[in-house]
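User: I have a model on screen and would like the reasoning behind the labels attached to it. Please set each value against its criterion.

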Number of protein chains: 2
Amino acid sequence: MEAIQRCALSLARDRGIAQVTTEEVATAAGISPRTFFNYFPFKEAAFVPPQVELPEEARIRFCKGKGRVAEDLLTLLYSVASAMPQDRDMLSGLRDLAEGNPRLMALHFDFLRSVEAQLTELFRQRGGNVGGERAPLMAALTTAAVRSAYESWMDVGGTSPFTLIGANIVELAPIYDGAAQDVRAAAE
Amino acid sequence: MEAIQRCALSLARDRGIAQVTTEEVATAAGISPRTFFNYFPFKEAAFVPPQVELPEEARIRFCKGKGRVAEDLLTLLYSVASAMPQDRDMLSGLRDLAEGNPRLMALHFDFLRSVEAQLTELFRQRGGNVGGERAPLMAALTTAAVRSAYESWMDVGGTSPFTLIGANIVELAPIYDGAAQDVRAAAE
DNA sequence: CTTGTTATTTGCACATGGTGCAATATTTGC
DNA sequence: GCAAATATTGCACCATGTGCAAATAACAAG
């Protein structure tokens with residue numbers, strides 16, 4: 001299973017995914033072409049890294065949190081980020097692979113969508129200013145902030161990703177707190 | 001061309017995209033299977049609606065704008081939204097089609113990515129608080145806000161999308177204006 | 001070790017997506 | 001009406017992916 005993935009990745013590294021056939025991957029991994037599709041529903045699935053989950057305990061902690069949303073959100077995100085693969089070269093190589101491959105790109109975005117859906121649920125449960133009908137927007141903005149941090153982390157390289165995620169989330173703090181409503185309310 | 005798309009969509013409406021073959025679409029449109037691939041590089045491309053562009057004139061106006069970012073951004077977005085197809089049933093039907101189809105989903109997100117890239121460029125050119133290295137984050141947040149408005153517009157139905165886009169962008173106003181920096185600066 | 005059970009791997013046939021190329025039909029300009 | 005450009009098509013071909021049944025491996029109990 002992991003062996004197959006390793007073979008697939010090492011084959012794709014130089015040539016790109018499109019130039020690698022399932023047959024090649026299978027023989028490289030020492031299995032039959034048919035068996036490949038027993039493990040992966042389609043070719044591209046063999047190229048995605050394992051994706052992390054939001055730990056149950058951290059989720060509950062966030063829902064029950066009563067402090068500033070941005071702070072609680074950051075501790076939540078840190079707990080995920082620390083569990084993430086930190087091999088920047090591998091990850092940005094993977095992104096390059098996905099660049100010209102719609103199937104793989106779709107997987108990537110599927111992941112983001114699931115993150116956003118989970119965040120929406122968390123915001124709903126937490127309620128208050130980020131709950132109710134505001135939850136989807138809060139989740140969308142948060143996901144965008146995280147993704148932006150992640151991408152510039154891969155682009156620039158150098159420092160740890162956590163700092164940038166922190167900055168972006170802090171930036172969103174007035175929104176989580178509903179500052180705009182206050183402003184609008186005050187203007188009336 | 002458009003005739004082929006109509007055939008494709010009407011075939012897919014009941015059965016879903018996966019259950020429609022390119023051969024069927026071709027014969028329904030009165031062309032040969034081979035010709036289908038002269039027009040569309042892959043099956044799913046026959047199911048995407050025409051996508052709107054940011055009008056040149058509106059783009060320039062935004063870049064040169066000197067007022068509040070949120071306001072100028074809204075006039076820019078309005079100019080796009082009014083050019084968009086407003087057939088909610090068709091659009092949400094299309095979304096349902098995309099739901100189980102990674103290829104189609106990837107097209108959808110590709111579109112969002114291109115919008116985000118254009119916005120990044122616009123923010124960069126406008127400079128100031130939304131320019132420089134803040135541009136990617138600003139673009140990501142804006143795209144997320146627009147997408148969120150768009151999705152809940154399709155989910156809920158009823159009112160025009162413009163109001164919700166407006167509300168979401170207004171919400172981001174403090175960020176465009178760099179409120180968080182002020183807060184942080186004041187805290188030091 | 002042998003036998004019976006179960007899960008895994010495999011081969012094979014087949015449908016579909018997609019491409020390259022050369023032949024044919026169609027349009028366009030004169 | 002004719003020639004050049006353009007669009008359409010047929011054909012051969014490769015790759016992805018699935019269903020099904022046979023073969024093989026793994027394993028437990030006797």
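Analyst: This is a predicted model. On the surface near DNA strand D, at least two residues each come from α2 (22-29) and α3 of chain A and from α3 of chain B.

User: Which element gives the most to that surface near DNA strand D?

Analyst: α3(B) does, with 3 residues.

User: What makes a residue count as near DNA strand D, and how many residues surround the strand?

Analyst: The criterion is a C-beta atom, placed from the backbone, within 6 Å of the strand. Around DNA strand D there are 13 residues, and A:Phe42, A:Lys43, B:Ile31, B:Ser32 and B:Thr35 are the closest.

User: How do you know the class make-up of the surface near DNA strand D?

Analyst: Phe and Ile count as nonpolar and Lys as charged, while Ser and Thr fall among the others, which count as polar. By these classes the surface near DNA strand D has 4 nonpolar, 5 polar and 4 charged residues.

User: What is found around DNA strand C?

Analyst: There are 13 residues around DNA strand C, and those that come nearest are A:Ser32, A:Thr35, B:Thr21, B:Phe42 and B:Lys43. Here α3 (33-39) of chain A, α2 (22-29) of chain B and α3 (33-39) of chain B each supply at least two residues. The most, 3 residues, come from α3(A). By class, the surface near DNA strand C has 4 nonpolar, 5 polar and 4 charged residues.

User: Why is the relation between chain A and chain B called a two-fold axis?

Analyst: Chain A is superposed on chain B by a rotation of 180 degrees with 0.1 Å of shift along its axis, at an RMSD of 0.1 Å. That is the relation of a two-fold axis, so the name applies.

User: How do you know that the same surface serves both copies?

Analyst: 100% of the contact residues of chain A recur in chain B.

User: Which residue of chain A comes closest to the rotation axis?

Analyst: A:Ala106 does, with its C-alpha at 2.4 Å from the axis.

User: What makes two residues a contact, and how many residues does each chain give?

Analyst: Their C-beta atoms, placed from the backbone, must lie within 7 Å. The contact takes 23 residues from chain A and 23 residues from chain B. On the side of chain A that touches chain B, two or more residues each come from α7 (102-126), α8 (135-156), α9 (161-176) and α10 (179-187). The largest share, 10 residues, belongs to α8(A). By class, this side of chain A has 16 nonpolar, 4 polar and 3 charged residues.

Technical notes: Residues are numbered from 1 along each chain as its sequence is written. Chains are lettered from A and ligands numbered from 1 in the order in which they are written. This is a predicted model: local features need pLDDT of at least 70, side-chain atom pairs count only at pLDDT 80 or more; totals for chains, interfaces and linings use all residues. Helices (H or I, at least four residues) and strands (E, at least two) are DSSP runs, numbered from the N terminus. Copies are superposed by least squares on the C-alpha atoms of residues with pLDDT of at least 70 in both.
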